[in-house]
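Here is a friendly walk through the packing details of a two-letter set of chains, written for someone who likes to look at side chains and voids. Please keep the viewer open as you read.

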Amino acid sequence: MHRRHALHTFANGFGLLGLAGLLADARVADARRPITPPDPADPLAPRPPMYPAKAKRVIFLFMSGGPSHVDLFDPKPKLKDLAGKPLPFDQPKLVRTKTVNCLPSPWKFGRHGRNGADVSELFPHLAKRADDLCIIRGMWADNINHNGACLQMNTGEQAFSRPSLGSWLLYGLGSENRSLPGFVVVSPSQPAQGAPLWSNSFLPAAYQGTLVANLAKPVENLPDAGATAAQRKQLDALKRLNQLHQAGREEDTALAARIASYELAFRMQAEAPEAFGLDGETKATKELYGVGDGPTDIFGRQCLMARRLVERGVRVVQVYHTQTAKRSSCQLWDQHGSLKAELPANCLATDKPIAGLLTDLKARGLLQDTLVIWGGEFGRTPTGEGTDGREHHPFGFTMWLAGGGVKGGVTHGATDEFGWHAVAGKVHVHDLHATVLHLMGIDHERLTYRHAGRDYRLTDVSGTVVKEILA
Amino acid sequence: MTGLLSLVALSAGAPPADERFFETKVRPVLVEKCVGCHGDKKQKGGLRLDTRAGLLAGGDGGPVAVAGKPADSPLVKAIRYAGDIKMPPDGKLPDADIAVLEKWVSLGMPWPDDRPAAGGPKAGTAKELWSLKPVVDPSLPPGDAAHPLDRFVHAKLIAKGLKPAPPADRRTLIRRVTFDLTGLPPTPAEVEAFVTDPSPDAYPKLIDRLLASPAYGERWGRHWLDLARYCDSFDARITGTSDMDCLDAWRYRDWVIKAFNADLPYDRFVRMQVAGDVLPLPDKDRPDGIVATGFLALGNWGGGDADKEKLLTDIADDQVDVVGRSILGLTLACARCHDHKFDPVSTRDYYALAGVFFSSHILPNVGPKTNGPPMLRIPLGPPPPATAKAVVLAKRTDAVAGKPGLIAWQAPAGNPSCTANGTGAEAVFSTIRMPPKTVAVHPGPGSDVAVVWTAPAAGEVKLFGTLADYDGNCGDGIGWELRHATAGTLKTLATGSVENGRSGTFGRAELLAVAAGDRVEVVIQRKAGYECDTTGVVFTLAGRDKTWEFAADWLADPPAGAAKADPWSVEEVVVQAPPGPSANGAQEGGVPGSPHEGTHDIKVHIRGRYDRLGDLVPRGFPAAVKVASPPGITAGSGRKELADWLTRPDHPLTPRVIVNRVWQFHFGEGLVRTPSNFGVLGEPPTHPELLDHLAAKFVRDGWSLKKLHRYILLSATYQQSAAGDPATRAADPDNRLWGRFPRRRLEAEAIRDALLAVSGELDGKAGGPAVRDFASPRRTVYLMTIRSDRTGFGPLFDMADSTAPVDKRTVSTVAPQALFLMNHPFVRDRAKAFAARVMGHAGTTAERLDFAHRLALGRPPTDAERELGLELVKDGTPEAWRGWCHLLFQANEFIVLE
């Protein structure tokens, strides 16, 4: 039965989809409900959360490579006192290369916003948005290499294939726009090990992230000339051919779905370029994101595309910083050396676009129910790798959240006086995931999927919602 | 709660007085105060107190109660609030309850039955689980069907008052069976030959022809490759360029295809993949034995990890998982952290099996902490003779890492290289520390590097020096060779090695006579990895009147361009002959140089953690899966015995699992619809007797897959039409009674191959390294699959994701597939070639339309279709024909099998 119903909505196109989204919201009951299982025939149909959600969509800004917390959000004056001297305690057993001597940050910090949040001088634009940020300084993770750490930050697991955060959200909630992919990954260069980071894994294929690697041609397989009259004529003939084939096979909904998919494809040809393209944006908006300006152009485009997509109901957009005007890298923020040259370049490339994104979302009334996440797979050692570099550091680092349901202008948790271990308000990756699901109206312990003989969760067997940062 | 004695085993069935005591006093306390956190929903600390089994198993820290000894029982200590752990955490129990539990422990914890204390599912046992019972060939159900298979199917249909579908027409049948067995459409000539063949064995002959076609292995081998989580490359960043990638994977793919085509008996097929390197094989098959173990090597275990113990644990886990799911149909990996909650598989079973894999290796070493490990490349024959050629390092860089005085000379690819620290201070850069006034050389990814002295005149010299690894943070040390090249001969004077981060001396006691122009070379050789081998060279040649010192001479006058300063040079040493064929696969013994080197049993990893070890478990096989006199592991890793155990004729799982898979690939669904989970949570078979009938026959037939195909395909059940009887369809919408042939979409490979076949461009060449060019006319099974890349055609049409075994592909219908078929140049180009083929066909427009239909759909057009075609191609232009041909490619019928 539900198949037919779904096809009905499918065939009626977008008008109804918006309505379905509204209905889904209206159906949120007072009591917590289990997640509505998706309809296999219409897997992206929007579904109500378990309980009223503060956030409806997510933008995850991923600084691939591991941004240095002690240079960006977590100032440590103690490192100045100990500059060039060894840390006064034993480092954990799990290290890659041994870094010994303390390396103070070469940059100054200012205190910004009403609560005086610490933000490095490398982020002058973002500093002005300090009152939107919920800075989490007690992050910690388990893996010290990019692949394992990126996988954990995205899927909760360090080695094996598991569904990504975006896939779980899409599986739980569907998407409000079924003519666009529900989970879009914008990354001009492959971050870490690539597709496993946005994999649906054992969840149905409909929940995989759709990669946009080529910003100039974000949607694959569009005709060069756009949809033409000749093509319309072709499709009409195809429909006739398929209808002839359908005679005697009317009961097969898959055949009908495939006919409908051609109609949707034809509309996508017209609508997707508009959704992904930036042509319709004003000069002022483009400027706000730094689009068209050398160093900020690429990431500005990525951020502006993210806003256009969430605005159209895409559930999750993940924006990887993997390319600047000068460099393309799977780990752009991986400063083992050349910290003084590369970190400012990365900050310059992302600062204005990110601040622009927050400003723009707020101006459009979207920030209140859009959760923005910033961070990488880990931080970097407070000790120097050589004199101008830092090693990987999962033991204590910084991420920030903004918008949908989190407190703004807040700094939560802390690392020790050296910036080494998270010591207060510790937030493990699993806790972050539990919190993101919570903000989206999902109990992380009850969003499960049975596979290979057991129920799997994003947070495996752990995860605690960080209540202190909820608005 | 650690380090306690194991529990005394309790006899089941407690005396009535104890039962009453348990039911009235103990159970209420457990239910009210304990099972909320230690029950079926939550198992805090890994502990369950809702069953006796849970209590006996204890928690993460080990047993919690010692029968008869309350004082030694952590549980009692905890409820007394006497130690670090205080339970229940929200308030101490009343003294009376504490006394009850203490008394219960001193009685030996009598528990009258093992019913959960508060409901919940009951763990499956070997006795109950259908799939672990022996295969028993059942007697045939009564009926008039000639084929025994149909008797089983019809019996169930008839019992429900339903009937099977009528036979499919011949055109439909040949298209069905040709796609099914070869993944390609039948040609118009093949269709006509079959349709007009009046002989009663036309259909059996057709099956035999298709099974004999090499295309059969390309189709069915791919089904197995899905289960083997096969990929051609792990990661697009290193595809084809690093030994961290599975550079030899394609040989495994070719072996699988060859095995299917040769109808290698399935038991041997399994044995080869688990232990082909150690099986007693004839010499000619030994390379195949090694290649087949690629099954164990191509796993997805997360590559680069500094935590090498975790890496090794993850690799063994991947191997337990792939053997468990793909061959046994059991989700053994669940037992990595805790006893399987539903199936009779314990953590002991898991680590008994994992020990076999910990005692094998697929890596030459664990790799540097800063990177992933290299993959083992096992030579498949003797290496070709090596000849050496010197190439000068030509690219000079001043001020490496911004340090004036630190100069590098590099080969065009970056390495090999030479670096000179002319400063008076230690140079620290990247992961390297170079002392002041030193010169270091570094080998390259595909070549060694040599410091060469060319004799300016004839004489005698004494040779000595030291080599030091300046990069101890990573890498695996170096080997060296001191040699003398004189007019056409190359003589080795001495060899040795230097461990990572260490130094060593070399030299020669006696004088060496040299002629003018002779070369004395110190060759620095890579080991498994070339990375992090920055090697400081002090090399002195003392002659009668003059002494040459490499580092000092070099620093005194660094060469301006290429790395050459009379009489010194630093040269790349290239092995010219290509390396011999090699395979990614498994070998005996744990990873060399790791804590698991050699063969040994493994301790239980508590909660799956290698840093919390429990009991040592002898290597062996899951106890609940019974075969007659299972093999014991006496020598080696145990893979040989595992291979033997898996393929015993009386194994309850291996034959059932594979015949179910074969059924599934023919019918879209298996008799068991959870094909890799024959456990409690899997679905039971729709027709258990039929499954056993097929399994028993399969083993009797020598585990021949081709005989099994033939048997199934000759049944009336396979030859039914897809339309089916309306009443049957209504009563059985999911086709669990097999009363019709299930219509289904073609797989990605079959779609792309059909485009090439119909356009007349398909290149039938078999095997070889994976093809990167999507526009290639090769069959899709030979196109490169990269684990890190889920973009493009394959994933769009639901090709298997190689991060885990895939037993059943999803079938999605999404608009981007339509966009691909509408607009992708590959499809448009095939349509153009198809149109050219049609236009080249002699005849009228109607005859050409007929030809196009026969090519694409295996039948002539209906009148209505012909009319539509005539309307669209009426102007007869190539563009109009291309449009029509493109349309046929997009038609539902083109992509749907029925």
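Let us begin with a charge over a ring: in this predicted model, the charged end of A:Arg232 is placed over the ring of A:Phe266, 4.6 Å from the ring's centre. Chain B offers a like arrangement, where B:Arg176 lies over the face of B:Phe741 at 3.6 Å from the ring centre.

**Aromatic pairs**

From charges over rings we can move on to rings that meet rings. Over all chains, the count comes to 54 aromatic pairs. One of them is formed by A:Phe89 and A:Phe418, and its geometry is edge-to-face. The table sets this pair beside another from chain B.

| Pair | Centre to centre | Angle between planes | Separation in sequence |
|---|---|---|---|
| A:Phe89 and A:Phe418 | 5.4 Å | 65 degrees | 329 residues |
| B:Trp224 and B:Phe269 | 5.2 Å | 70 degrees | 45 residues |

Where do A:Phe89 and A:Phe418 lie? A:Phe89 is in the loop between α4 (78–81) and β2 (109–112) of chain A, while A:Phe418 is in the loop between β13 (414–415) and β14 (422–424) of chain A, so the pair ties together parts that are 329 residues apart in sequence. A:Phe89 has a relative accessible area of 26%, so it is partly exposed. A:Phe418 has a relative accessible area of 7%, under the 20% limit, and therefore counts as buried.

The pair of B:Trp224 and B:Phe269 is edge-to-face too. It links distant parts of the chain, with B:Trp224 in helix α9 (residues 214–227) of chain B and B:Phe269 in helix α11 (residues 266–275) of chain B. Both B:Trp224 and B:Phe269 are buried.

These two rings also belong to a wider group: one aromatic cluster takes in B:Tyr216, B:Trp224, B:Tyr230, B:Tyr252, B:Trp255, B:Phe260, B:Tyr266, B:Phe269, B:Phe295, B:Phe698 and B:Trp703.

**Backbone details**

One member of that cluster, B:Trp703, is worth a second look for its backbone. B:Trp703 has a positive phi of about 55 degrees although it is not a glycine. Its place is in the loop between α19 (688–700) and α20 (705–713) of chain B. Is B:Trp703 buried or exposed? With 5% relative accessibility, B:Trp703 counts as buried.

B:Ser430 also has a positive phi, near 45 degrees, and is a residue other than glycine. This serine sits in the loop between β7 (427–429) and β8 (432–434) of chain B. B:Ser430 has a relative accessible area of 59%, so it is exposed.

Chain B also has cis peptide bonds to look up. The bond from B:Asn415 to B:Pro416 is cis, with omega near 0 degrees, and B:Pro416 is in the loop between β5 (406–410) and β6 (417–421) of chain B. Another cis peptide bond joins B:Asp566 and B:Pro567, with omega about 0 degrees. B:Pro567 lies in the loop between β19 (564–565) and β20 (568–575) of chain B.

**Cavities**

Now for the enclosed space. How many cavities of 30 Å³ or more are there? The count comes to eleven. The largest cavity holds about 120 Å³ of space. Its lining is made of 16 residues, and those nearest its centre are B:Ile315, B:Phe357, B:Phe358, B:Ser360 and B:Val591. The elements that give two or more residues to this lining are α14 (308–328), α15 (347–358) and β1 (360–361) of chain B. Of these, α14(B) gives the most to the lining, with four residues. By class, the lining of the largest cavity has ten nonpolar, five polar and one charged residues.

The second largest cavity has a volume of about 100 Å³. Residues of its lining include B:Asp243, B:Met244, B:Asn365, B:Pro368, B:Asp476 and B:Glu531. By class, this second lining has three nonpolar, six polar and three charged residues.

**A buried serine in chain A**

Last comes A:Ser68, in the loop between β1 (57–62) and α3 (69–72) of chain A. Its relative accessibility is 1%, so A:Ser68 counts as buried. Not counting residues up to four places away in sequence, A:Ser68 touches A:Leu343, A:Arg380 and A:Arg390.

Terms used: Residues numbered from 1 in each chain as written. Chains lettered and ligands numbered in written order. Predicted model: local features only at pLDDT ≥ 70, side-chain atom pairs only at ≥ 80, totals over all residues. Heavy atoms only, no water. Buried < 20%, exposed > 50% of the residue type's maximum accessible area, 1.4 Å probe, protein only. Contact = heavy atoms within 4.5 Å. 1 Å grid on protein atoms, 1.4 Å probe; cavity = no way out; pocket = protein on both sides within 12 Å on 5 of 7 lines; lining within 4 Å. Points joined across faces, edges and corners; volume = space filled by probe spheres on them. Nonpolar A, V, L, I, M, F, W, Y, C, P; charged D, E, K, R; others polar. Phe/Tyr/Trp six-rings, centres within 6.5 Å; stacked < 30°, edge-to-face > 60°. Lys NZ or Arg CZ within 6 Å of the ring centre and 35° of its normal.
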